[in-house]
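Please open the structure in your viewer and keep the selection tool at hand. We will go from stop to stop, selecting a few residues each time and looking at what is there.

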Amino acid sequence: MIKPKILLVNDHPPSLLALKTLLVNAPQADEYEVITATSGAEALRAVLDHNFAVILLDVSMPGMDGFETAQTIHSHPRSASVPIIFITAYYADEMNRLRGYQHGAADYLISPVIPQILQSKIAVFIDLARKNLALEQQKEELALMNRDLQVQQMRDLRRINAALESEILERRQAEARAHELATRDPLTGLMNRRSLTERIEHAVAMANRYGQRLALLFLDLDRFKSINDSLGHDAGDDLLLQVSERICGAVRQSDIVARLGGDEFVVLMEALPNYAAAAEVARKIIATIDQPFLLGSQSIKTSASVGISLFPQDGTNMQALLRSADLAMYHAKQEQRGTVQFFHEDLNARMLERCQLEQELQHALDNEEFELYYQPKIEARTGRIAGVEALLRWHHPRLGLLSGGQFIPAAAETGLLVPIGEWVIAAACAQARRWRDENLPVPSIPIAVNVAIPQIYADLPDIISRELRKQQVPPSSIQLEITESLVITDTHKATSVLREISESGITIAIDDFGTGYSSLSILKTLPIDILKIDQSFVRDLGKNASDTAIVAAIVNMARALALRVVAEGVETKEQLAVLHDLGCDEHQGYFYSKPLPATDLVQKLMQRSFA
């Protein structure tokens, strides 16, 4: 299939190279081709020779600038509808932006471009171009089918009389409808469990006979229930339809896609050249589902976890292969959502361990087995402690001290995130009360607690207000940390709840910033006070120019929005020096301290050992 093409126009060679590098190193780079031009005239020649999915056009160019180039491109019938994204090194005023949109601009990007923003915008236009190409192909196929059908109908009319033709046609249609209902999923039109079972049994027989490889991919959407509950079942059905289309677009033509029910899908891959091909298709599925979905006017994010079972090592019949793939998918979801996991023999034991852990979580709250650890946040300008982040720990009677990452996924599966989150808020407020009573040799410091998606739908403002009143501490004693994914999943609900919390005087931070897809428009509407830069961008500061540029862009954006910036995962002097130069407000990480129990943190405070 012909790859969609991107035209990149920039007269500045370093900028042209930097933008091209971002595009060719993007996750979906193998799905499109990048063509470059260094002037408006060269761009015009390119649009006469190629069909482009999108054009990235620098505004400031000598001779014919970006506006004139865009006007000329859109005046030609061949390129009149090609979307253009202007790239400018400054925030354009309203008149210039209006001028750009009058000349056909689809969007603006500010240089230096944030890679994730560029790649996500490009992905939308590439996906649209692929769909247009597929649609044209479908139209051609439909036209051929219609012509063939007309010829066949004429032959039938010559052979039989009108009455007999009508009766036969009705019977055939009834049989087709019955077969469709029996073998197809009514929502997506994909194979259902019954027809998939038959196809797997046939595939296993052929693989046995000819010594072929085959694989089953078991796919489950992450956080689908929260999307379905918050936006309604119609939106959930729309999401499933779009997901099924994206899966079909990511697999090979020979692969079979089926929906088992709910948000569970299966892909049958026969005659594999090698087992790595199954992982490659799984990663393509995950990548395409990771792109935002549009449900009505609401843009939402989800992800997919995929488990893979292989024939014959993971099962020699349909039931065994499905069970193995299901176990592998469950393991992927528990370990790290949005990933691929092959089945292996010890998964059964690990799943049993996870089930036992889920049962023991039911008793952990009643048995007072949880404890909060605290990691300090240091003010860059003064070196003084500016606050702490509360991190949940479980004193497990059998496994010892567990961090949140070891049991929070299990808590999510068992529906315990809300009561555990309520316990964390209560414990943080109680600790704030104790620290105020202990008269520590520093001003009262806020305690930041992390909020999960289910808590947004569980009277979170009332829970916080109740605990603050109970402990008689001011709202400034508590901060909330939310993730970008929480906001994107249901922007309207999250904004409403967070605004109510913010109006009570509680500070709100976006955690792990830079790893999601928050748009500037969303950030402007949210009642947030702090951006916490994800540690993945801090890790290679001083070594990786791209990470430094991203952190600088985040700091500059925060300044424009009057937000404070906290860098997570600070571990070295080199990282600290770069963050100081970039103007980051606060630092958090092992360079200062690991998470500590409350008593150990107080000792450090008394020793003033964070500076």
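Begin by selecting Ser120, which lies in helix α5, the stretch of residues 115–159; keep in mind, here and at every later stop, that this is a predicted model. Is Ser120 buried or exposed? Its relative accessibility is 15%, and because buried means under 20%, Ser120 counts as buried. Now add Ile117 to the selection, and you will find its backbone oxygen 2.9 Å from a polar atom of the Ser120 side chain.

Next, turn to the aromatic rings, for which a search of the whole structure finds eight pairs. Select Phe67 and Phe86, one such aromatic pair, whose ring centres are 5.2 Å apart and whose planes make an angle of 75°, an edge-to-face arrangement. This pair links distant parts of the chain, since Phe67 belongs to helix α3 (residues 66–75) and Phe86 to strand β4 (residues 84–88), with their positions 19 residues apart in the numbering. Both Phe67 and Phe86 are buried. For a group of rings, select Phe370, Trp394, Phe407 and Trp423, which together form one aromatic cluster.

Two arginines can be viewed with rings as well. Select Arg213 with Tyr275, and you will see the charged end of Arg213 over the ring of Tyr275, 5.7 Å from its centre. Then select Arg393 with Tyr373, where Arg393 lies over the face of the ring at 5.5 Å from its centre.

Now look at the nonpolar interior. In soluble globular proteins, nonpolar side chains tend to be buried together. The largest nonpolar core here has 74 residues, and those touching the most other members are Leu361, Tyr374, Trp435, Ile447, Leu460 and Leu531. Helix α14 (residues 417–438) supplies the largest share of this core, with nine residues. A second, separate core of 33 residues can be found by selecting Ile227, Phe265, Met269 and Ala304, which are among its members.

Finish at helix α22, residues 573–582, by selecting Gln575, Leu576, Val578 and Leu579, which are buried. Why do these four lie on the same side of α22? They cover an arc of only 165° around the axis, and this puts them on the same side. The buried residues of α22 pack against α20 (535–538), α21 (545–560), β20 (564–567) and β21 (586–587), whereas the face turned away from the buried side carries the exposed residues Lys573, Glu574 and Asp581. Lastly, select Gly583, which follows α22 and has a positive phi, near 85°.

Definitions and conventions. Residues are numbered from 1 along each chain as its sequence is written. This is a predicted model: local features need pLDDT of at least 70, side-chain atom pairs count only at pLDDT 80 or more; totals for chains, interfaces and linings use all residues. Side-chain values use heavy atoms; hydrogens and water are left out. Buried means under 20% relative accessible area, exposed over 50%, partly exposed in between (1.4 Å probe, protein chains only). Helices (H or I, at least four residues) and strands (E, at least two) are DSSP runs, numbered from the N terminus. The arc is that of the directions from the helix axis to the C-beta atoms. Contact means heavy atoms within 4.5 Å. Rings of Phe, Tyr and Trp (its six-membered ring) pair if their centres lie within 6.5 Å; planes under 30 degrees apart count as stacked, over 60 as edge-to-face and the rest as tilted. A charge sits over a ring if NZ of Lys or CZ of Arg is within 6 Å of the ring centre and within 35 degrees of the ring normal. A nonpolar core is a set of buried Ala, Val, Leu, Ile, Met, Phe, Trp, Tyr and Cys residues joined through side-chain atoms within 4.5 Å. A polar contact is a pair of N or O atoms within 3.5 Å; within protein, one must be able to donate a hydrogen and the other to accept it, and residues adjacent in sequence count only if both atoms are side-chain atoms.
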